[in-house]
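Let's take a walk through a protein model together, one stop at a time. Have the picture open and turn it as you read.

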Amino acid sequence: PPYHAFDKRKKKGVMYLMAIVGVLTPLSTFIYFPVLGDVSKAFHLSSEFVVLTIAVHMAVQGIAPFVWMPLGDYFGRRFAISATLAIFVGANAGLLFSNSFLSLMLLRAAQAFGSADLPIIGAAVIGDISTGIERGALIRIYGSILMLGHVISPVLGGVLTQFFGFRSIFWFQLALGSLALALVTLFLPETLRNIAGNGTIRLKPYQQPLLACVKSSPDARFNSNPETITLPPTFLSFVEPLDLLSHMDILGSIIFGAIAFATVVVVIATTALCLETYYRLSTLLVGLAFLPSAAGTILGFFFISYLLDRDYKFIETRYKTTHNIEEDTTVSLKHNSDFPIERARLRNIWWITFFFIGATIGYGFSLSTKHIAIPLVMQFLVAFGATTILLANGVLIADLCPENLASVTAVINLVRFCMGALAVGVVQLLFDRLDDGFVFLVFAMATLAVTPILVMQWMFGVKWRIAKRSSSEKRPLLDRLRVLLVGSFDRLPSWSNIWGKLSIKRFSSKLWTSFRGRPSSRDLGGDTWGKNLLLRAQSLCSRVPSPREIWGKVR
């Protein structure tokens with residue numbers, strides 16, 4: 001039987017529909033950046049409170065996929081997309097009439113909750129209906145459309161706000177979200193293979209598109225049961241992706257990417273406020289000022305794509321030569337566990353990282369210049385460096401954990417968006433205490449501080465990966481957490497070890513000698529009072545249970 005019953009034309013149609021749905025996520029994030037000044041004036045808020053609306057939006061964006069992913073895997077893709085779009089549309093409708101800071105914060109959070117998982121679900125739908133050969137071309141088009149959303153959203157926000165007011169951005173999102181919801185309801189069938197199989201299983205009415213309920217779809221010809229049964233989601237279903245953070249190589253990569261992401265988010269999120277303060281630009285011009293960063297993002301995407309392919313081929317050729325492998329043999333981590341994938345992905349990341357750090361510092365100190373072209377050029381360089389770093393970082397993490405890309409994406413987004421939310425939340429406090437140049441210097445130094453992670457991955461990445469794979473013991477998540485916790489307490493020292501390490505006897509002897517002005521004696525000599533004091537202290541500690549004994553009683 002075919003991998004899926006849809007023909008190529010219908011697969012492309014589904015892909016374009018998912019692109020329309022997925023573009024709502026970058027749209028809701030970036031269309032808001034140019035209008036911060038207008039929001040501040042309309043709600044009579046200081047800059048500190050305005051940037052908090054961005055921080056809350058980003059934090060919810062990181063958390064939301066952990067809720068929607070298990071629900072989508074059980075109830076289906078169609079349910080997850082319809083539910084998230086309904087929340088997104090409702091949140092934008094509420095934002096049209098919000099008149100307080102609290103309502104603005106809550107509705108922005110609801111907007112993020114309804115849009116955060118859309119690109120992930122869209123990619124999953126494409127994976128359900130396409131083979132490995134087809135999936136590459138479809139995902140490239142899908143990703144390009146999402147990137148277009150990143151590029152045009154700030155400009156669109158500036159144009160709409162300049163001519164129709166800042167609430168027009170919510171009208172636009174409401175209209176586009178409603179259109180996406182209508183298209184999904186009318187045309188998108190359930191594609192989850194546990195429910196729909198390869199598209200030949202007859203679906204229940206609520207799993208079919210509305211048009212298929214009116215007119216029977218020719219794709220649903222057979223009435224059979226899916227091959228696998230999905231169990232209802234449990235608490236572990238929502239937290240199990242966090243298990244990826246227990247792997248040293250993955251955790252290090254995620255932390256480095258999160259710090260770099262937080263740095264570039266601070267640059268982008270404060271662009272409107274900085275340009276309005278220093279150069280007195282209108283909202284339209286502020287929106288257009290995001291074009292250099294958009295150009296840097298596009299150029300960085302194509303540059304790092306070429307660089308990653310070239311570096312991978314170079315390391316692969318050298319690996320084959322070293323291990324006497326034929327040239328036409330495909331090397332994979334599954335069969336070649338000692339293949340240095342870390343060096344293939346990080347071969348040029350060192351100079352890109354220093355380039356990004358320098359561009360961030362240069363951007364901060366360029367804001368005080370009279371020529372606006374200088375900070376715009378520096379913003380282009382920051383976006384270029386950040387895009388290359390984050391894409392290379394994401395590809396490496398996907399290589400390290402290829403069996404569950406959806407969970408990997410969710411964990412990456414969680415850490416990155418939460419770190420970005422924290423950075424945006426504190427940036428105004430730094431602006432109040434430091435000059436603008438030193439604020440961005442702080443974030444650049446934070447990126448520099450985590451660069452040793454790259455060195456550790458370069459040197460020890462293969463060893464960590466082999467050690468992880470050679471471990472034959474595979475326990476459920478709760479068992480691993482329990483073993484980790486118990487092992488930590490079991491490694492705690494007893495009081496006798498603590499007593500010996502502190503060398504209290506020698507220390508008290510020197511202390512007593514310094515006060516009395518007498519020469520030190522090895523065993524306190526005839527100093528009966530000091531000796532009795534130490535004996536009493538030892539007796540007291542012997543009666544106090546050690547941390548290991550306490551943990552044993554509790555357990």
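Our starting point is D311, which is buried at a relative accessible area of 2%. Here, buried means under 20% relative accessible area, exposed means over 50%, and partly exposed is in between (1.4 Å probe, protein chains only). Before going on, a word on the ground rules: this is a predicted model, where local features need pLDDT of at least 70, side-chain atom pairs count only at pLDDT 80 or more, and totals for chains, interfaces and linings use all residues. Residues are numbered from 1 along each chain as its sequence is written, and side-chain values use heavy atoms, with hydrogens and water left out.

So what does D311 pair up with? It forms a salt bridge with R347, and the closest N and O atoms are 3.1 Å apart. A salt bridge here is a side-chain nitrogen of Lys or Arg within 4 Å of a carboxyl oxygen of Asp or Glu. The pair ties together distant parts of the chain, 36 residues apart: D311 sits in helix α16 (residues 291-322), and R347 in the loop between α17 (341-346) and α18 (349-366). Helices are DSSP runs (H or I, at least four residues), numbered from the N terminus. Unlike buried D311, R347 is partly exposed, with a relative accessible area of 27%.

How many salt bridges turn up in a search of the whole structure? The search finds seven. Three residues, D73, R77 and D128, are linked in a network of them. R77 meets D73 at 3.2 Å, N to O, and R77 also meets D128 at 2.8 Å, N to O. That second pair links distant parts of the chain, with D128 in helix α7 (residues 118-129) and R77 in helix α5 (residues 77-95), 51 residues apart. R77 is buried at 13% relative accessible area, and D128 is buried at 7%, while D73 is partly exposed at 36%.

Now for the inside. The largest nonpolar core has 120 residues, and M18, Y32 and I81 touch the most other members. A nonpolar core is a set of buried Ala, Val, Leu, Ile, Met, Phe, Trp, Tyr and Cys residues joined through side-chain atoms within 4.5 Å. Helix α13 (residues 248-269) gives this core its largest share, 14 residues. Zoom in on Y32: leaving aside neighbours within four places in sequence, its contacts (heavy atoms within 4.5 Å) include V39, T53, L104 and F170.

Back out to the surface. W350, W351, F354, F355, M445 and L448 make a nonpolar patch of about 580 Å². Patch members have over 30% relative accessible area and no salt bridge; like charges are joined within 9 Å, and nonpolar side chains (Val, Leu, Ile, Met, Phe, Trp, Tyr) within 5 Å. The areas come from the Shrake-Rupley method with a 1.4 Å probe, and for residues only the protein chains shown count as cover. Helix α18 gives the most to this patch, with four residues. M445 lies in helix α21 and is partly exposed at 36%.

Last stop: two loops. R280, between α14 (271-279) and α15 (283-288), has a phi near 55°, a positive value in a residue other than glycine. N324, in the loop between α16 and α17, also has a positive phi near 55°. R280 is exposed at 72% relative accessibility, and N324 is exposed with a relative accessible area of 72%.
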